[in-house]
Each structure stands twice: as structure tokens, then as C-alpha cells.
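Colleague: I'd like a close look at one part of this model. Please start with one helix pair, then work outward.

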Amino acid sequence: MMERIAESIGANRVVLALSMARLGDAVGNSILFIVIPLYIARLPSPAFPFPEPVRVGLLISLYGLVNAALQPFMGALSDRLGRRKPMIQAGLLLMGISTLAFLAASRFTDLLVLRAVQGIGVALTIPAAMALMTTATQQRTRGGSMGIYSTMRMVGFAIGPLIGGFLLDRFGFAATFYAGGASIFFGMVLVQLWVKELPPVVSNGVERRFRIFDRELFTAGIVGLGIATFVMASAFSMMTTLEQQFNVRLHLTAFDFSIAFSALMIGRLLFQIPLGRLSDYIGRKPLIIVGLIIMAPATALLGEVGSLLQLSGLRLVQGVASAGVAAPAFALAADLSTAGGEGRQMSIITMGFGLGIALGPLIAGLLAVSSFELPFVVGGLMSLIGAWIVFHYVPESMRREEKRHEATREYASRAEGD
């Protein structure tokens, strides 16, 4: 049955299994986006009190900073072990336990520790999952496969805030943490049941010079794509820190804010797979550049909105823009990757995304002390700079002869046959 479902949407079994598992853990993580800013307000202030937006930004950013800092090491570890599935499972277990542990948190420092543990968990999971996706797909259909993976992730991120806002308004904080933990454990079950790991493809040259930071693997194209995902994630995550301010300015409830927040995910859901597949035909680079250019005004105008409708509309545009960046960027990085070095190279892209999720809210919290509008103007300018970097430094893989080792194609064929 798995094979028939996978074939019907243009994927293979590994892609579909990882995508469904990603859905489960995305729901659990995104529930906290709505809960954390409000949960902080009910806890005692730390010994060295900061303004509330700074505390929210720090807590949200710590998760991403730990995640981003550890991803190159975890990517290298997955390359060394040649086994991705155990790392994915270990990361999901850490995330699930730490989400439930929010129930016992009574101080701001408790939340800091738990967010750091969650960062370690996601650092274990993401590079291993992306390396497995890389070796299980072929270049001619990789954009569509990455679109499916990203779309399922966005389904989780769209559902999570809505669940979080609804449960928080009706049942309180405890219900949201139970729901978040259960969703992540559900992702673990799917990985265990559906993901079958095959022996990795390793280039002799990569194996011989194995290093965590291999300069030959970190090319201008890979680093440029890491910057593109960083500015994209920074731009759309800035809104998270300022939930309380948006609610006061626009007279919103937690559920109202969750609707606007999730509008970005809806844009991703509608356009991620079509744009991913389009990149298989016209190339990855044009879509990434256009996506970043569209992201710029959509972000800059967030500070000027006067209603829930306007806020939701701009978030929807941000979603469409990020759909043009995410799947093509992941697919292009996979196209440019070297057999045996996928974990390290894909970790640069996912690290960029993690840093964006981390630093976007922190930048917003710091700049909002001066002006509510300033963070969003800065986010728009960063998006334009990212588009310029991609234009000048990132190559277009679809215009070249496929560079992946022949054994990679054999691996993908075997995965499709399972």
C-alpha cells in the first residue's frame, strides 16, 4: 500500500515515510510557537530581568542556535556511521521528552534548559533525514520529492499553531504540551515502521579525507544556499517574538494570532510541491531568487498592518515566497552534494534554516525595543541581500550533466522497489 501511495504522488517509499514522520514532529514543535510567548508571561522574571520581547526572542532563539551549532557535527556523525535512522529516532525521542517536561517548568531558566535539549534533538534528526532524502532521490525528480517533504513539514507547522491556540484557549497550557509530545512520539512510530535504511553510497575520496569541516565539501554554492535559507527563515520567523504586541495592536486572541501565523504555512502547502516540480524543469536558481525578492516587501510591510486580514494576507505571500526558496534550495544542494558527504553538506543548508529560526526572533526582539516596524524592514533588506548572493555565487545544477555517482542512482532504484 505504501508503494501505491508513493507512486500516486510522484515519490518513493523513503520520501513518503520521512515526509509523514516529519509531519508528526512538526506539529509538536509548532504548537510551542503559540504557547511559549504566553507561557513566559506567567513565570517569575529571571534574576537579571530583560524586557519581555527580549526574553521571548532569547528562548525561541536558543533552540535554533543550539540546533544550528550542532548540525555540522551531527551531519558528520551520520556520514561516519553511515546510518541515518538511529539518529533520527534519538533526536525525536529527545524532542518528545523535553516537550512533555515543559509541564514541570516553574522558572525561566527551566525553559532555557528544555529549549537547549530540544535543539540537540532536532540537530540529531534533520541532517540525517536530509542525507537520507538526498541518497534516496534522483536529480530529475528531486525538486518534486523535496517539495513533498517540505509540504508535509508545512502541514505540521500549519496545524500545530491552530491546535496550540485552540487547546490553550479551551483547556490551558498542560493540554498543549501533552499534544505536542504525543505528536512527536507519533513521528517516531512512523519512522520505525516505514523507513528502511539501505547501505550508504560513499566516494573513496570523501571516505579517505573524512573531516567534520571539509573545505572541499563547503563550496560557494552550498554556502550560498545556506545563506538563502537563513534569510528566508529569519524573515518569516520575526513575527513569533512579537505575538503579544500584535495581539495588543490589533486586538487579537491567541487563536486569532495562530490563524495569521499559519497563513504562511497555507501558502507553502499550496505552492511547495508545484514549485518543487517546476524546478525540475526550469532550474532551481531562478525560483530561489524570485522567492527571496518577493519575501522582501512581504516582510517589510508586516510592521504596518492594521487588521487581522492584512496580517494574514502578508503571511500568505511570505508562504508563497518561501515555497519558491525551500524545496528548490534543498534540491539544488542535493544536486551539488558529494556521495559520502551528504550529511555535512546538507547540514549547511539546514543549519542556515535553523539559524534563521533562531536569530530572526532574537533580532526582532532586540530591534522592537526601539521600534515595532524596524525588525521587519531589516528582514526585508536581508532577503534582498540573499537574492543577490544566490544570483552571483550559486551555480545552476539543472544545466549541467548530473554529477551524482552512478551508485546513487542504483540506491534510489532500490528504494523505489521496496
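Within what distance do the axes of helix 2 and helix 11 come, and at roughly what angle do they cross?

Modeller: This is a predicted model, where local features need pLDDT of at least 70, side-chain atom pairs count only at pLDDT 80 or more, and totals for chains, interfaces and linings use all residues. Residues are numbered from 1 along each chain as its sequence is written, and side-chain values use heavy atoms, without hydrogens or water.

The axes of helix 2 and helix 11 come within 10 Å and cross at roughly 140°. That makes helix 2 oblique to helix 11. (Helices are DSSP runs of H or I, at least four residues, numbered from the N terminus. Axes are lines fitted to C-alpha atoms over the stretch in contact, with angles from 0 to 180 degrees between N-to-C directions. Oblique is what remains after under 35 degrees, roughly parallel, over 145, roughly antiparallel, and 65 to 115, roughly perpendicular.) The crossing of helix 2 past helix 11 is right-handed (near helix turned clockwise from the far one by less than a right angle; anticlockwise is left-handed).

Helix 2 makes this contact (heavy atoms within 4.5 Å) through Phe-33, Ile-34 and Leu-38. Helix 11 answers with Ala-254, Phe-257, Ser-258 and Phe-261. By class, six of these residues are nonpolar, one is polar and none is charged (Ala, Val, Leu, Ile, Met, Phe, Trp, Tyr, Cys and Pro are nonpolar, Asp, Glu, Lys and Arg charged, the others polar).

Helix 2 also meets helix 5. Their axes come within 12 Å and cross at roughly 160°. That makes helix 2 roughly antiparallel to helix 5. This crossing is left-handed. On helix 2, the contact residues are Val-14, Val-15, Leu-18, Arg-22, Leu-32, Ile-36, Tyr-39 and Ile-40. On helix 5, they are Phe-108, Leu-111, Arg-115, Gln-118, Ile-126, Ala-129, Leu-132 and Met-133. The contact holds 13 nonpolar residues, one polar and two charged.

Now the empty space. The whole structure has four cavities of 30 Å³ or more (on a 1 Å grid, points where a 1.4 Å probe fits but cannot get out; lining residues have an atom within 4 Å of a point). The largest has a volume of about 260 Å³ (space filled by probe spheres set on the points). Its lining counts 22 residues, with Phe-33, Arg-153, Phe-157, Phe-353 and Ile-357 nearest the centre. So Phe-33 of helix 2 appears both in the contact with helix 11 and in this lining. Helices that each supply at least two lining residues include helix 2 (13–41), helix 5 (108–135), helix 6 (139–171), helix 11 (254–282) and helix 14 (342–368). The lining of this largest cavity has 13 nonpolar, five polar and four charged residues.

The second largest cavity has a volume of about 130 Å³. Among its lining residues are Arg-22, Ile-126, Arg-153, Arg-268 and Phe-353. Arg-22 and Ile-126 also belong to the contact of helix 2 with helix 5. Arg-153 and Phe-353 also lie among the residues nearest the centre of the largest cavity. Helix 6 gives the most to the second lining, with three residues. Helix 5, helix 13 (308–336) and helix 14 each supply at least two. This lining splits into six nonpolar, two polar and three charged residues.

Methods:
On a 1 Å grid over the protein atoms alone, a cavity is a set of points where a 1.4 Å probe fits but cannot get out, and a pocket is an open set with protein on both sides within 12 Å along at least five of seven lines; lining residues have an atom within 4 Å of a point.
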